[in-house]
Amino acid sequence: MSRAVNDDALDVLFRKARTHRKWRPEPVTPQMLMAAYDLARWGPTTNNTTPARFFFIVSREAKERLKPHLNKGNVEQTMLAPATVIIAYDLGFYEKMPKLSPNPDARDSWSRKSEGELQEAAFRSGTLQGAYFMIAARAVGLDCGPMSGFSTEGVDREFFADTTIKSNFLCNLGHGDDTGLRPRAGRLEFDDACRIL
Ligand SMILES: Cc1cc2nc3c(=O)[nH]c(=O)nc-3n(C[C@H](O)[C@H](O)[C@H](O)COP(=O)(O)O)c2cc1C
């Protein structure tokens, strides 16, 4: 079977990539964050809406704003990570449709949708974009530590008050220290998770 990417790349992106919770001291540069976004942004979303928004928490001051909203078990791994990204989504994503869609009616037709429809569309594609971002981060040499153990209400109040932006999940970014890895847990076999119909 021919492969679009080589076996080493598959290891880096999937088979050997792990969830990290301990970090080596090497910094994460703004250029690395930009390089990851520059890849992730090409992933497909509903009607090319690209509702995800990425907030990179790097400074000590910004980390301190995030800290009170983290579940206890996530505090240390986050405070010691070189960077943490809040993967968020914008319920007002349609305002950017003139740039994103060749259809001149795209903005207005999305803007007429119900709150529930906007939430579903933004959350679905925003989550996909979060996943694309993690794969892209690995592709540029970063390790990831995704987390949903935090108060979305707290983070939204602290960072997104009076906006249409909502937090989805967090992801620590850096160069992982393998001494902090947990044993690799199993994954479902094809027959457990899939059906060809
Ligand atoms: C959406 C999401 C939320 C997660 N939340 C947490 C969390 O709050 N705290 C934590 O330590 N790990 C969290 N994890 C990490 C998972 O437990 C981990 O990715 C999974 O067990 C697979 O580990 P592996 O990548 O090392 O195989 C989360 C992962 C994802 C994708």
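## Around the ligand

Let's start with the ligand in this predicted model. The residues around the ligand are Arg-18, Thr-19, Arg-21, Asn-74, Gln-77, Pro-146, Met-147, Ser-148, Gly-149, Arg-184 and Arg-187. If you sort this shell by character, you get 2 nonpolar, 5 polar and 4 charged residues. Some of the shell comes from regular secondary structure: helix 4 (72-79) and strand 3 (143-147) each chip in at least two residues.

Now zoom in on a few polar atoms. Thr-19 has a polar side-chain atom 2.6 Å from an oxygen atom of the ligand. Arg-184 also uses its side chain, with a polar atom 2.5 Å from a ligand oxygen. Gly-149 takes part through its backbone, where a polar atom sits 2.9 Å from an oxygen atom of the ligand. And how much of the ligand does the protein bury? On its own, the ligand exposes 640 Å², and the protein buries 65% of that.

## The sheet

Next up is the sheet. A bit of background: strands in a sheet pair through backbone hydrogen bonds, and they can do so in a parallel or antiparallel way. Here we have an open sheet of 4 strands in the order 1-2-4-3, and the pairing is antiparallel. Which strands are at the edges? Strand 1 (52-57) and strand 3 are, as each of them pairs on one side only. Going from one strand to the next, the twist averages 30 degrees.

For a look at one pairing, take strand 1 and strand 2 (residues 83-90): they run antiparallel and are joined by 6 bridges. You can pick out Phe-56, whose bridge partner in strand 2 is Val-85.

## Helices across the sheet

Two helices to find next are helix 4 and helix 7. Helix 4, which you met as a supplier of residues to the ligand shell, lies across strand 2, strand 3 and strand 4 (165-174). Its direction is at about 155 degrees to strand 3.

Helix 7 (residues 115-139) lies across strand 1, strand 2, strand 3 and strand 4. This helix runs at about 10 degrees to strand 4.

## A loop residue with distant partners

Finally, have a look at Asp-177. Where does it sit? You'll find Asp-177 in the loop between strand 4 and helix 9 (190-193). Leaving out residues up to four places away in sequence, Asp-177 touches His-20, Lys-22, Trp-23 and Arg-24.

Pro-25 is another one to check: Asp-177 and Pro-25 are 152 residues apart along the chain, yet their C-alpha atoms are separated by 9.1 Å.

Technical notes:
Residues numbered from 1 in each chain as written. Predicted model: local features only at pLDDT ≥ 70, side-chain atom pairs only at ≥ 80, totals over all residues. Heavy atoms only, no water. Near = heavy atom within 4 Å. Polar contact = N/O pair within 3.5 Å; in protein donor to acceptor, adjacent residues only side chain to side chain. Areas by Shrake-Rupley, 256 points an atom, 1.4 Å probe, with all protein chains shown as cover. Nonpolar A, V, L, I, M, F, W, Y, C, P; charged D, E, K, R; others polar. Pairing = 2+ DSSP bridges. Axes fitted to C-alpha atoms, helices over the stretch in contact; angles between N-to-C directions. Contact = heavy atoms within 4.5 Å.
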